[in-house]
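Let's take a walk through this one together. Have the viewer open and follow along.

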Amino acid sequence: MAVPVTPALLYLDNVTVSFDGFRALNALSLAIDHAEMRAVIGPNGAGKTTMMDVITGKTRPNEGTALFEGSHDLTVLDEAAIAELGIGRKFQTPTVFYMHSVEDNLLLALKNPRGPLATLLSRRATQERERINALLERVRLTAHRHRRAGELSHGQKQWLEIGMLLAQEPKLLLIDEPAAGMTDQETADTADLLRDIARTKAVIVVEHDMTFVRDLGVKVTCLHEGAVLAEGPIDTVSANERVVEVYLGR
Ligand SMILES: Nc1ncnc2c1ncn2[C@@H]1O[C@H](COP(=O)(O)OP(=O)(O)O)[C@@H](O)[C@H]1O
Ligand SMILES: [Mg+2]
């Protein structure tokens, strides 16, 4: 493998995405460290979703560099290959299997699912059981393991989906507006959960709820017109005149 050109886990430099001449991303540069959580804010149309589309291979940039672990070029890999590298994405709408139990949803999502032969090997089954238990604990659903996913609250469904992403053992998680539609308590619990996850994995979380963003207690990047407008601690970013003008002061 080539020598990494950057120690960052994710490295975007000068990334531009044009749709019919309109620049959804305009020379965007951003770097995320191993096990760093970053909150991304910015007005509608700032390019937040497009940035995630580039990172996951859904959209190809017209220009720029996008590297994972210093050597994997995300601009040439397809979505499946990028997922395989360890980049997981959670969309706003949960995509859990409603008729299945909570624990079966997690079992279905495990990275190395049990094949017919492995089913006979009880040691493997025990290991899977332990992984499921740990995931249930992590996403606060241990008490709900036997319930159908469709019966969970909106917040719990979001957590189950985060658990299903974790079952894939990603190195980087991309999460778009997790707090949308959640109660205040669920929002606070979600911040807690993400802080817990970010102790071992990198997380990029896009969110409009500033109470939630403040709760995360991490570095914040504000995007505007496809580029970074401000970056730093929440207090610095939210006091930035341009950020207030284009986003917070609306
Ligand atoms: N497939 C597309 N075709 C044309 N324009 C797009 C497409 N995807 C996004 N855009 C435009 O790019 C800009 C950035 O969009 P988006 O990344 O969704 O912003 P955000 O997630 O920050 O609200 C918006 O003006 C949007 O209309
Ligand atoms: Mg968006």
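What follows goes from the ligand site to the sheets, then to a helix and two loop residues.

A word on the ground rules: this is a predicted model, so local features need pLDDT of at least 70, side-chain atom pairs count only at pLDDT 80 or more, and totals for chains, interfaces and linings use all residues. Residues are numbered from 1 along each chain as its sequence is written, chains are lettered from A and ligands numbered from 1 in the order in which they are written, and side-chain values use heavy atoms, with hydrogens and water left out.

Start at ligand 1. Its shell is made of Phe-19, Phe-22, Ala-24, Pro-43, Asn-44, Gly-45, Ala-46, Gly-47, Lys-48, Thr-49 and Thr-50; a residue gets into that list if one of its heavy atoms lies within 4 Å of the molecule. By type, the shell splits into 5 nonpolar, 5 polar and 1 charged. Here Ala, Val, Leu, Ile, Met, Phe, Trp, Tyr, Cys and Pro are nonpolar, Asp, Glu, Lys and Arg are charged, and the others, Gly among them, are polar.

Now zoom in on the oxygen atoms of ligand 1. Thr-50 puts a polar side-chain atom 2.6 Å from one of the ligand's oxygen atoms. For Lys-48, an N or O atom of the side chain sits 2.8 Å from an oxygen atom of ligand 1. Ala-46 joins in through its backbone, with an N or O atom 3.2 Å from a ligand oxygen. How much of ligand 1 does the protein cover? The answer is 57% of the 560 Å² of accessible area that ligand 1 has on its own, worked out by the Shrake-Rupley method with a 1.4 Å probe. Two elements give two or more residues to the shell, namely strand 2 (22-32) and helix 1 (48-55). Helix 1 has the largest share, with 3 residues. Helices (H or I, at least four residues) and strands (E, at least two) are DSSP runs, numbered from the N terminus.

Strand 2 takes us to an open sheet. Four strands make it up, in the order 2-1-4-5, with antiparallel pairing; two strands pair if DSSP finds at least two bridges between them. Strand 2 and strand 5 (72-73) are at the edges with a single partner strand each, so one side of each has no neighbour in the sheet. Further in, 5 bridges tie strand 1 to strand 4 (residues 63-68) in the antiparallel sense, and Tyr-11 has Leu-67 of strand 4 as its bridge partner. Look at Leu-12 too, which sits in strand 1. Leu-12 has a relative accessible area of 2%, so it counts as buried (buried means under 20% relative accessible area, exposed over 50%, partly exposed in between, with a 1.4 Å probe and protein chains only). Leu-12 and Met-51 are 39 residues apart in sequence, yet their C-alpha atoms are 9.4 Å apart in space.

Next come the parallel strands. Strand 3 (residues 37-41) is largely enclosed by the rest of the structure, because 5 of its 5 residues are buried. Met-37, Ala-39 and Ile-41 are on one side, Arg-38 and Val-40 on the other, and both faces are covered. Strand 3 pairs in parallel with strand 8 (residues 202-206) over 4 bridges, and with strand 9 over 3 bridges. In these pairings Arg-38 partners Ile-204 of strand 8, while Ile-41 partners Cys-222 of strand 9.

Strand 7 (residues 172-176) tells a similar story: 5 of its 5 residues are buried, so it is largely enclosed by the rest of the structure. Leu-172, Leu-174 and Asp-176 point one way, and Leu-173 and Ile-175 point the other. Strand 7 runs parallel to strand 6 (residues 87-90), joined by 4 bridges, with Gly-88 opposite Leu-173. Strand 7 also pairs in parallel with strand 8 over 5 bridges, where Leu-174 stands opposite Ile-204.

On to helix 9 (residues 241-248). Val-243, Val-246 and Tyr-247 are its buried residues. They line one face of the helix, because seen down the axis they fall within an arc of 90°, taken from the directions from the helix axis to the C-beta atoms. Glu-241 and Glu-245 are exposed on the other side of helix 9.

Finally, two backbone oddities. Most residues other than glycine have a negative phi. Asp-20, though, has a positive phi near 50°, in the loop between strand 1 (10-19) and strand 2. Glu-225 also has a positive phi near 50°, and lies in the loop between strand 9 (220-224) and strand 10 (227-232). Asp-20 is exposed at 84% relative accessibility, and Glu-225 is exposed at 56%.

Conventions. A polar contact is a pair of N or O atoms within 3.5 Å; within protein, one must be able to donate a hydrogen and the other to accept it, and residues adjacent in sequence count only if both atoms are side-chain atoms.
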